[in-house]
Amino acid sequence: MTSPSPGHSPIPPLPYPARAPQPTPQPAPPRPRRRLLVGAVALVLVAACAVAALWWSRGGKNDPLAGRPRVTDTRAGLTYAVPEGWKHDTAKDKDLIDAFSSTMSRTSGAASSGGGTVLAGRAGQAVPRAELRRAAESAARSNAEFFYPDRPVTLEESHPTEVDGRPAHTAVLRIRNGQDGTARLEMTLVTVDGARTAFLLGVGTDESDTQTTADIHAVVADATVN
């Protein structure tokens with residue numbers, strides 16, 4: 001991939017107005033003791049179902065990333081799995097520019113016609129939920145210019161999603177890389193909490209490499225918030 005241009009940031013800061021202050025909640029009237037007991041039992045059942053669903057979605061038999069090593073990115077507030085055929089090197093994390101805080105890569109192999117990279121990091125400032133789409137598309141285009149300067153770019157997809165139950169948005173770009181080559185870039189912005197927005201960026205050097213694309217999708221779907 002191309003070295004960063006001096007003074008160019010792949011994730012530009014976006015100005016957003018401050019949110020209006022919320023009214024102070026008033027205390028609720030006391031509930032009957034029996035109703036509180038029934039409510040507590042219901043909460044326990046809901047929690048048990050949630051744990052079971054989480055196990056099935058992240059560690060069940062059908063999870064392609066079950067048992068795989070995971071990257072814990074404390075700066076971004078995300079944890080994500082390392083698929084088979086991918087490698088995470090903590091030494092490389094230390095050499096990243098400030099926009100990124102962790103990365104892993106896949107090299108060409110028997111099941112892959114191209115290479116792939118996943119990077120994570122924290123956005124310059126929190127992005128309101130209503131602005132996730134615009135910010136994701138803008139950041140995707142900025143990163144496309146960063147990694148593939150002056151290459152034609154087409155927005156293929158832009159859709160809301162969730163990461164570990166948090167609101168998120170994914171923008172997918174198709175990038176002409178030379179006369180015959182086409183790269184694929186996927187930017188997912190996720191609201192970690194009220195004060196932090198993080199991202200997962202997946203780049204595949206060959207759009208026809210379905211295995212790398214599937215791995216990137218699995219990593220985003222399986223990611224958790226720290």
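Me: How many bridges join strand E7 to E8?
Reply: In this predicted model, strand E7 covers residues 166-177 and runs antiparallel to E8. One facing pair in this ladder is Ala171, which stands opposite Met187 in E8. The number of bridges that join E7 to E8 is 10.

Me: On the E9 side, how many residues make up the hairpin that joins E8 to E9?
Reply: E8 also pairs with strand E9, residues 196-204, in the antiparallel sense and over 9 bridges, with Arg184 standing opposite Gly204 in E9. The connection between E8 and E9 is a hairpin, and the number of residues through which it passes is 2.

Me: Is strand E8 largely enclosed or largely open, and how many of its residues are buried?
Reply: Strand E8 spans residues 181-193, a run of 13 residues. Because nearly the whole run falls under the 20% relative accessible area that defines burial, the strand counts as largely enclosed by the rest of the structure. The number of buried residues in E8 is 11.

Me: Which strands are the edges of the open sheet?
Reply: The open sheet is formed by 7 strands with antiparallel pairing, in the order E3-E4-E5-E9-E8-E7-E6. An edge strand here pairs on one side only, and this holds for E3 (86-88) and for E6. Neighbouring strands are turned against each other by 15 degrees on average, direction ignored. The edges are therefore E3 and E6.

Me: Which residue of E9 is the bridge partner of Val118?
Reply: E9 is also joined to E5, and these two strands run antiparallel with 7 bridges between them. Within E9, the bridge partner of Val118 is Gly202.

Me: What is the distance between the end C-alpha atoms of helix H3, and what span should its residues give?
Reply: Helix H3 takes in residues 132-147, and at 1.5 Å a residue its 16 residues should span 22 Å. The expected span agrees with the distance in the model, where the end C-alpha atoms lie apart by 22 Å.

Me: Which elements do the buried residues of H3 pack against?
Reply: The buried residues of H3 include Leu132, Ala136, Ala140, Phe146 and Phe147. The helix lies across five strands, running at about 35 degrees to E7. The elements that its buried residues pack against are E5, E6, E7, E8 and E9.

Me: At about what angle to E8 does helix H4 run?
Reply: Helix H4, residues 210-222, lies across several strands, among them E3, E4 and E5. Its direction is given relative to E8, and the angle is about 5 degrees.

Me: Which element gives the largest share of the largest nonpolar core?
Reply: This core has 23 residues, and those touching the most other members are Phe100, Phe147, Leu185, Met187, Leu189 and Leu201. The elements giving two or more residues to the core are H3, E7, E8 and E9. The largest share is 8 residues, and the element that gives them is H3.

Me: Is Ser101 buried or exposed, and which side chain makes a polar contact with its side chain?
Reply: Ser101 is placed in the loop between helix H2 (90-94) and E4. Its relative accessibility is 15%, so Ser101 counts as buried. Among the residues it touches are Arg75, Leu96 and Ala120. The side-chain polar contact of Ser101, at 2.7 Å, is with Asp73.

Methods
Residues are numbered from 1 along each chain as its sequence is written. This is a predicted model: local features need pLDDT of at least 70, side-chain atom pairs count only at pLDDT 80 or more; totals for chains, interfaces and linings use all residues. Side-chain values use heavy atoms; hydrogens and water are left out. Buried means under 20% relative accessible area, exposed over 50%, partly exposed in between (1.4 Å probe, protein chains only). Helices (H or I, at least four residues) and strands (E, at least two) are DSSP runs, numbered from the N terminus. The expected span of a helix is 1.5 Å times one less than its number of residues. Contact means heavy atoms within 4.5 Å. Axes are lines fitted to C-alpha atoms, for helices over the stretch in contact, and angles run from 0 to 180 degrees between N-to-C directions. A nonpolar core is a set of buried Ala, Val, Leu, Ile, Met, Phe, Trp, Tyr and Cys residues joined through side-chain atoms within 4.5 Å. A polar contact is a pair of N or O atoms within 3.5 Å; within protein, one must be able to donate a hydrogen and the other to accept it, and residues adjacent in sequence count only if both atoms are side-chain atoms. Lists of a residue's contacts leave out its neighbours within four places in sequence.
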